[in-house]
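Visitor: I am new to this structure and would like to begin with a single part instead of the whole. Please choose one place, look at it closely, and then lead me outward from there.

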Amino acid sequence: MSARRKEDRSGTRGYAHLVEVSVPVDRVWRALTQPSMIRIWQNTEAQVDARRGGLYRTGVPGTNLREAHIDVFDPNRRLRLIYMNTRDFPRCDSAIVDDFLLDAKPGKTALRLLGSGIPEAPEWDRSYVKIRMGWERLLARMRVMLENPPKPKAETPVRKEPPLPGLDY
């Protein structure tokens with residue numbers, strides 16, 4: 001980064017994450033697009049209108065709400081979100097984007113997340129770290145959830161006691 005760029009900090013920054021998950025690509029896609037699954041690995045509220053032009057909202061208003069327009073919706077291949085300004089993050093004029101790219105490989109799925117458009121402005125420093133590090137942790141949680149799904153509890157057999165003498169009618 002040049003000295004001039006460090007001074008004015010008028011550009012944008014981004015991040016890239018890669019996680020390989022040992023499940024078929026359609027399960028990773030469902031984890032990204034089904035609210036019931038998002039709630040598990042993100043441990044937060046989720047609302048998704050899973051289609052191009054739809055809404056992708058996660059978080060809780062007042063703490064970490066992120067609301068996005070679904071720009072690209074290509075099942076099992078690509079999901080691109082363009083975030084809208086919310087009160088939970090500083091205002092900005094740039095388009096903040098998360099682009100999820102899925103690649104099916106034998107016995108696993110590679111999931112790449114490319115984030116971009118986060119302002120270099122000082123008021124965004126904390127939010128940038130929160131978003132970048134948050135995605136790193138969330139993608140790891142998603143991988144654990146998909147590779148180690150909860151096992152159904154075995155039914156406890158009902159122990160049938162012999163009737164009490166005199167009450168066996």
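A close look at one part

Guide: If its neighbours within four places in sequence are left aside, Thr-44 is in contact with Arg-39, Thr-58, Gly-59 and Val-60. Everything said here refers to a predicted model, and this small set of contacts is a convenient place from which to read it. Thr-44 sits in the loop between α3, which covers 35–42, and β2, which covers 46–48. Although Thr-44 belongs to a loop, Thr-44 counts as buried, because its relative accessible area of 14% falls under the 20% limit.

The same loop between α3 and β2 also holds Asn-43, and here the picture changes. Asn-43 counts as exposed, because its relative accessibility of 60% is over the 50% limit. The backbone deserves attention too, since most residues other than glycine have a negative phi. Asn-43, which is not glycine, has a positive phi, near 55°. Elsewhere, Asn-76 also has a positive value, with a phi near 65°. Asn-76 is placed in the loop between β4 (66–74) and β5 (78–83), and its relative accessible area of 29% makes it partly exposed.

From Thr-44, the contact with Thr-58 carries us into strand β3, where Thr-58 lies. Thr-58 is buried, with a relative accessible area of 10%. Apart from residues within four places in sequence, Thr-58 is in contact with Gln-42, Thr-44, Glu-45 and Ala-46, among others. The list for Thr-58 also includes Ile-38, and it goes on to Asn-64, Leu-65 and Arg-66.

The last of these, Arg-66, is the next stop, and it is found in strand β4. Arg-66 might be looked for at the surface by a reader who thinks first of its charge, yet at 12% relative accessibility it counts as buried, because that value is under 20%. Once residues up to four places away in sequence are set aside, Arg-66 touches Tyr-56, Arg-57 and Thr-58, as well as Tyr-83, Phe-89, Ile-96, Asp-98, Ile-131 and Trp-135. Arg-66 and Arg-87 are 21 residues apart along the chain, and their C-alpha atoms are separated by 9.6 Å.

Some of the residues just met return at the largest pocket, whose volume is about 330 Å³. It is lined by 14 residues, of which Gln-42, Asn-64, Arg-66, Gly-134 and Leu-138 are the closest to its centre. Both β3 (55–58) and α4 (125–147) supply at least two residues of this lining, and the largest share, 5 residues, comes from α4. By character, the lining divides into 6 nonpolar, 6 polar and 2 charged residues.

Helix α4 therefore invites a closer look of its own, because it gives the largest share of that lining. Arg-137 is found in helix α4, and in contrast to the buried Arg-66, Arg-137 is exposed, with a relative accessible area of 55%. The C-alpha atoms of Arg-137 and Trp-41 are separated by 9.7 Å, while the two residues are 96 residues apart along the chain.

Trp-41 in turn belongs to the largest nonpolar core, which has 37 residues; Trp-41, Leu-111, Trp-135, Met-142 and Leu-146 touch the most other members. The largest share of this core, 8 residues, again comes from α4. Leu-111 shows how such a residue gathers partners from several stretches of the sequence: leaving out residues up to four places away, it touches His-17, Leu-18, Val-19, Val-28 and Leu-32, then Phe-100, Leu-101 and Leu-102, and also Leu-139 and Met-142.

Stepping back to the protein as a whole, one finds 4 helices and 7 strands, which follow the pattern α-β-α-α-β-β-β-β-β-β-α when read along the sequence. Among the contacts with a separation of 6 or more, 51% are between residues 24 or more positions apart. Of the 169 residues in the protein, 37% are buried, and Thr-44, with which we began, is itself buried. The accessible surface comes to about 10,800 Å², and carbon and sulfur atoms account for 52% of it.

Note on methods
Residues are numbered from 1 along each chain as its sequence is written. This is a predicted model: local features need pLDDT of at least 70, side-chain atom pairs count only at pLDDT 80 or more; totals for chains, interfaces and linings use all residues. Side-chain values use heavy atoms; hydrogens and water are left out. On a 1 Å grid over the protein atoms alone, a cavity is a set of points where a 1.4 Å probe fits but cannot get out, and a pocket is an open set with protein on both sides within 12 Å along at least five of seven lines; lining residues have an atom within 4 Å of a point. Grid points are joined across faces, edges and corners, and a volume is the space filled by probe spheres set on the points. Ala, Val, Leu, Ile, Met, Phe, Trp, Tyr, Cys and Pro count as nonpolar, Asp, Glu, Lys and Arg as charged, and the others, Gly among them, as polar. Buried means under 20% relative accessible area, exposed over 50%, partly exposed in between (1.4 Å probe, protein chains only). Contact means heavy atoms within 4.5 Å. Accessible areas come from the Shrake-Rupley method with a 1.4 Å probe; for residues, only the protein chains shown count as cover. A nonpolar core is a set of buried Ala, Val, Leu, Ile, Met, Phe, Trp, Tyr and Cys residues joined through side-chain atoms within 4.5 Å.
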